[in-house]
Amino acid sequence: AGHWVVVWSSDNDLSGNMGTDSDIHVARSADNGATWTSPVALNTNAATDSGRDSTPQIAADGQGNWLVVWTSNDDLGVGLGSDFDILVARSTDNGATWTSPDFVNTNAGVDTQADHGSSIATDNRGNWVVAWDSRENLGGIGPDSNILMARSTNNGLSWTPPAPLNSNAAMDTGNDSDAWIASDGEGRWVAVWHSNPGG
C-alpha cells in the first residue's frame, strides 16, 4: 500500500550518457506521494538505443506488478526495421526494477506499419490487455487505421498475436484511434476509441 509510480517520455539524458533520443523515465513513491525518487530511465536500453520512445501508459494489479507500454521505433537490436511498435516492460517490485523492453505486438518482425496509441489494463488476476491503433493490413482488415489488441494471461511474460478489437475492422473504411481499455476485475472488459466517418 502507498506505492505510486509515474512514467513519461523525455529527451533529457539525466546523467549525461543516454544520448539525445527520447526515452521512458520513471519515478516512484512509497509513501503515497509525499516523497519521490529521482527520475531514472525505465527502458533499460536507454544508454545504447537510438529509437524514439514515447507515449507511455502504465497499469498495476495492486500486488506489486506494474506494466508499462509505449510506442518506439527501436528494433531492440534484432533488426526489425524502423517502423513503430508497441514495447512493454514489467516490474514485480512496485517499480523499483524493470525488465528489458520486449514487443507486445508479436508480429513486429514482419509488420511494416506504425503501431501507436497504446492503452493497458488488468483484471488483477494475471490477465492484461493492451490495445493500440495500426494501419497494418492484419488478416485482410484493410489499410485504414484499426484497433488491435493483445492479451497476456501470465502478468505480461508473453502475449497473444495481435488481433482486431473493433469487430467491423474488415468492413469499415474510417480510421479508428485513441483506444482506452478497462476491466472491472470480474471478467468484464470495455474499450472505447475514436472513429471518424466511415468507421
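So, the hairpin: β8 and β9 form one, with five residues between them, and in that turn Asn 124 has a positive phi of about 65°. Keep in mind this is a predicted model. The two strands, β8 at residues 115-122 and β9, pair in the antiparallel sense over six bridges. If you want a spot to look at, find His 116, which stands opposite Asp 133 in β9.

Now stay with β9, residues 128-134. Is it covered or not covered? Mostly covered: seven of its seven residues are buried. Trp 128, Val 130, Trp 132 and Ser 134 point one way, while Val 129, Ala 131 and Asp 133 point the other way. β9 also has β10, residues 146-152, as an antiparallel partner, and seven bridges join them. There you'll see Trp 128 opposite Ser 152 in β10.

Okay, charges. How many salt bridges does the structure hold? Two. One is Arg 125 with Glu 186, where the closest N and O atoms are 3.4 Å apart. That pair links distant parts of the chain: Arg 125 sits in the loop between β8 and β9, Glu 186 in the loop between β12 and β13, 61 residues apart. Both Arg 125 and Glu 186 are exposed.

Then there's Asp 184 with Arg 188, and here the closest N and O atoms are 2.7 Å apart. Why do we call Asp 184 partly exposed? Because its relative accessible area is 39%, and the partly exposed class lies between 20% and 50%. Arg 188 comes out at 54% relative accessibility, so Arg 188 counts as exposed.

Terms used
Residues numbered from 1 in each chain as written. Predicted model: local features only at pLDDT ≥ 70, side-chain atom pairs only at ≥ 80, totals over all residues. Heavy atoms only, no water. Buried < 20%, exposed > 50% of the residue type's maximum accessible area, 1.4 Å probe, protein only. Helix = DSSP H or I, 4+ residues; strand = E, 2+ residues; numbered from the N terminus. Pairing = 2+ DSSP bridges. Salt bridge = Lys/Arg side-chain N within 4 Å of Asp/Glu carboxyl O.
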